Amino acid sequence: MVITDIKVRKLFDESPMKAIVSVTFDNQLAVHDIKVINTKDKLFIVMPSRKNPDNTYRDIVHPINAEFRALLEKAVIEAYEAKLAEEPEVLYSGSEAD
């Protein structure tokens, strides 16, 4: 499976959530609402999830192994950093995406 496109859809400045990203695989499957989170100066990704009745969250889609998760995380963070470099003024103060 090849990552064929990464779109940084929204950037945030004022919260631990720094971006919302969509990733396309093999030009055939898109995964939306991957979040880029910053905690203690480390960036990582959070996969799309839904809230359960017991107020816990469950991933809707997720990597099956650590190797693919690392590859996906690296690609998404690189796309986020590239977007910041080209458009540093495109930041939102909100806490939620559309």
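Let me start with the hairpin made by strands S2 and S3, in which three residues separate the two strands. Within that turn, Asp-26 has a positive phi of about 50°. I should say at once that this is a predicted model, and that every value I quote is computed from it.

The two strands of the hairpin, S2 at residues 17-25 and S3 at residues 29-39, run antiparallel and are joined by seven bridges. Two of the facing pairs will help you to find the register on the screen. Met-17 has Ile-37 in S3 as its bridge partner, and Val-23 stands opposite Val-31 in S3.

Moving along the chain, S3 enters a second hairpin, this time with S4, and here two residues lie between the strands. Lys-40 sits in that turn and has a positive phi of about 50°. S3 and S4 also run antiparallel, with five bridges between them. One pair to look for is Lys-35, whose bridge partner in S4 is Val-46.

Taken together, these hairpins belong to an open sheet of four strands, ordered S1-S2-S3-S4 and paired antiparallel. Which strands stand at the edges? They are S1, residues 3-11, and S4, residues 42-46; each has a single partner strand, so one side of each lacks a neighbour in the sheet. On average, neighbouring strands of this sheet are turned by 30° against each other, direction ignored.

For the overall inventory, the protein has one helix and six strands. Read from the N terminus, the order of elements is β-β-β-β-β-β-α. Of the 98 residues in the protein, 31% are buried. As for contacts with a separation of 6 or more, 38% of them are between residues 24 or more positions apart.

Before the helix, two residues on the sheet side deserve a comment. Ser-15 is located in the loop between S1 and S2. Is Ser-15 buried or exposed? Its relative accessible area is 17%, and the cut-off for buried is under 20%, so Ser-15 counts as buried. A polar atom of the Ser-15 side chain lies 3.0 Å from the backbone oxygen of Met-17, and Met-17 is the residue that I paired with Ile-37 a moment ago.

The other residue is Thr-24, in strand S2. With a relative accessible area of 19%, Thr-24 is buried as well. Leaving aside residues up to four places away in sequence, Thr-24 touches Val-2, Ile-3, Thr-4, Asp-5, Leu-29 and Ala-30.

I now turn to the helix. H1, residues 66-86, lies across S1, S2, S3 and S4, and runs at about 50° to S1. Its length can be checked by simple arithmetic: at 1.5 Å a residue, 21 residues should span 30 Å, and the end C-alpha atoms are 30 Å apart, which agrees. At the N-terminal end, Asn-65 acts as a cap, with a side-chain oxygen 3.3 Å from the backbone nitrogen of Glu-67.

Which residues of H1 are buried? They are Leu-72, Glu-73, Ala-75, Val-76, Ile-77, Ala-79 and Tyr-80. In reading such a list, recall that an α-helix has 3.6 residues a turn, so residues three or four places apart point the same way. The cover over the buried residues of H1 includes S1, S2, S3 and S4.

By contrast, consider Lys-74, also in helix H1. Lys-74 has a relative accessibility of 53% and counts as exposed. Its C-alpha atom is 9.6 Å from that of Leu-43, a residue 31 positions away along the chain.

I will finish with the aromatic rings, of which the structure holds one pair. The partners are Phe-25 and Phe-68; their ring centres are 6.0 Å apart and their planes stand at 45°, so the pair is classed as tilted. Phe-25 belongs to strand S2 and Phe-68 to helix H1, so this pair ties together parts that are 43 residues apart in sequence. As to accessibility, Phe-25 is buried at 5%, whereas Phe-68, at 22%, is partly exposed.

Notes:
Residues are numbered from 1 along each chain as its sequence is written. This is a predicted model: local features need pLDDT of at least 70, side-chain atom pairs count only at pLDDT 80 or more; totals for chains, interfaces and linings use all residues. Side-chain values use heavy atoms; hydrogens and water are left out. Two strands pair if DSSP finds at least two bridges between them. Axes are lines fitted to C-alpha atoms, for helices over the stretch in contact, and angles run from 0 to 180 degrees between N-to-C directions. Contact means heavy atoms within 4.5 Å. Buried means under 20% relative accessible area, exposed over 50%, partly exposed in between (1.4 Å probe, protein chains only). A polar contact is a pair of N or O atoms within 3.5 Å; within protein, one must be able to donate a hydrogen and the other to accept it, and residues adjacent in sequence count only if both atoms are side-chain atoms. Rings of Phe, Tyr and Trp (its six-membered ring) pair if their centres lie within 6.5 Å; planes under 30 degrees apart count as stacked, over 60 as edge-to-face and the rest as tilted. The expected span of a helix is 1.5 Å times one less than its number of residues.
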